[in-house]
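User: Hey, I've got a structure to look at and I'm new to this. Can you walk me through it?

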Amino acid sequence: MGGNDAKALESYITELITLNQENEEKIEELEGHINTLYEKQRYNFQKIGLNKYDAFQEMGGNLSFALALLDENNNGFLINSVHNIQSSYCYAKEIKN
């Protein structure tokens, strides 16, 4: 207590209670922001797969590939690029669930 009188101690406790209430309000606000970010994150691509392959026996180097990008609910798309000696083709397909 360091020689402080009761009034100084009472004002100190009142200040601590006020700070505690302000912190509780800030924590509730931050929890709201976290929940908003979580909801937005559900629709970001979270599952990513890349597979390189040789589409034709005469080609070397695995120049063809398939790329899948999916969100939390397994929605997204697949890109498939097929490469051969004369040309290259690219296909896209939507994926739902």
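Analyst: Sure, we'll go through the sheet, then some loop residues, then a surface patch. Just so you know, this is a predicted model, where local features need pLDDT of at least 70, side-chain atom pairs count only at pLDDT 80 or more, and totals for chains, interfaces and linings use all residues. Residues are numbered from 1 along each chain as its sequence is written, and side-chain values use heavy atoms, with hydrogens and water left out.

User: Cool. What order do the strands of the open sheet have?

Analyst: The order is β1-β2-β3-β4, four strands with antiparallel pairing. Strands here are DSSP E runs of at least two residues, and helices are H or I runs of at least four, numbered from the N terminus. Two strands pair if DSSP finds at least two bridges between them.

User: And which ones are the edge strands?

Analyst: β1 (47-53) and β4, as each pairs on one side only.

User: How many bridges link β3 and β4?

Analyst: Eight, in the antiparallel sense, with β3 covering residues 76-83. The two strands form a hairpin with four residues between them. Asn80 stands opposite Tyr91 in β4, and Gly76 stands opposite Ile95 in β4.

User: Is β4 tucked away or in the open?

Analyst: Largely in the open, because zero of its eight residues (88-95) are buried. Buried means under 20% relative accessible area, exposed means over 50%, and partly exposed is in between (1.4 Å probe, protein chains only).

User: Switching to loops: which residue between β1 and β2 has a positive phi?

Analyst: Asn62, found in the loop between β1 and β2 (64-70). Its phi is about 50° although Asn62 is not a glycine. Asn62 counts as partly exposed, at 36% relative accessibility.

User: What about Asn74, where does that one lie?

Analyst: In the loop between β2 and β3. Asn74 also has a positive phi, about 60°, without being a glycine. Its relative accessible area is 29%, so Asn74 is partly exposed.

User: Last topic: which residues form the nonpolar patch on the surface?

Analyst: Leu9, Tyr12, Ile13, Leu16, Ile17 and Leu19, with about 530 Å² of accessible area together. Patch residues have over 30% relative accessible area and no salt bridge; like charges are joined within 9 Å, and nonpolar side chains (Val, Leu, Ile, Met, Phe, Trp, Tyr) within 5 Å. A salt bridge is a side-chain nitrogen of Lys or Arg within 4 Å of a carboxyl oxygen of Asp or Glu. Areas come from the Shrake-Rupley method with a 1.4 Å probe, and for residues only the protein chains shown count as cover.

User: And where is Ile17?

Analyst: In helix α1, residues 6-41. Ile17 is partly exposed, at 47% relative accessibility.
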